[in-house]
Amino acid sequence: MSKPSLELKGASFTLSVLHINSSDLNAVMAELDSKLAQAPQFFLGAPLVVNLSAIQHNDFNLHGLKELLLSRQLVIVGITGATTVLSKQAKDLGLAIVKAGKQSTTPPPAPRQTKIVKQNIRSGQQVYAKNGDLIIFGAVGNGAEVIADGSIHIYGALRGKAMAGAAGDPTAVIIAHSLEAELVSIAGQYWLAENLQQHSSDKSGCIRLNGESLMVESLPL
């Protein structure tokens, strides 16, 4: 029997959600440009779901927002939390209406393996631990990226980007002896350098998810 020409299957993807809290697109773009400047490659071509739950009037310029994001190489794939009128506009623009699903109470499977790196990760280098944790005995320099489907442990300074729970595991953590990161992310929730500085006064720490937000815990000495 020949294989069918197409198959329709379910799959889960981790998408960034852009929360719009103002109708002033100039102000929104100014703040967004500031964040993009800190980690341009991380957001390049990134698919976004736009949350419009804070916008309760129907004259919001959704088409203008879409065009402004496209000009920054960001792609809206859908919206959530919109009014009925804005939802209709979104459909006319070819955007999906995304409904937030309930978070599963079933814990994800434990990582199957651990990747150990015994050297510094330099600018431009990327290390990925698929289906497992990543342990680095060394520093992660500015411009370097470390990614793991599980947790990330860095026995040195984290100055680049670290993305744990890349496959969507909300129990993943990022631990580093010196938190000076350009960007940290767990299961799609991320902080840039300015967020990290606001939430942590300690050099060392453990970053984890608390609900849908990141938090930093001090490491015991």
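Two exercises with worked solutions follow, on an aromatic pair and on a helix of this predicted model. Residues are numbered from 1 along each chain as its sequence is written, and local features need pLDDT of at least 70, while side-chain atom pairs count only at pLDDT 80 or more and totals for chains, interfaces and linings use all residues. Side-chain values use heavy atoms, with hydrogens and water left out.

**Exercise 1.** Determine which residues form the aromatic pair and which parts the pair ties together.

*Solution.* A search of the whole structure finds 1 aromatic pair (ring centres of Phe, Tyr or the six-membered ring of Trp within 6.5 Å). Phe137 and Tyr155 form this pair, at 5.1 Å centre to centre and with 10° between the planes, and it is stacked (planes under 30 degrees apart; over 60 is edge-to-face and the rest tilted). Phe137 lies in the loop between β7 (132-136) and β8 (145-148) and Tyr155 in strand β9 (residues 152-158), strands being DSSP runs of E of at least two residues, so the pair joins parts 18 residues apart in sequence.

**Exercise 2.** Work out how the buried residues of helix α1 are arranged around its axis.

*Solution.* Helix α1 (residues 25-38; a DSSP run of H or I of at least four residues) has 14 residues. Its buried residues (under 20% relative accessible area, 1.4 Å probe, protein chains only) are Leu25, Val28, Met29, Leu32 and Leu36. Seen down the axis, these fall within an arc of 90° (taken from the directions from the helix axis to the C-beta atoms), so they line one face of α1. On the other side, Asn26, Glu31 and Ala37 are exposed (over 50%).

Key
The expected span of a helix is 1.5 Å times one less than its number of residues.
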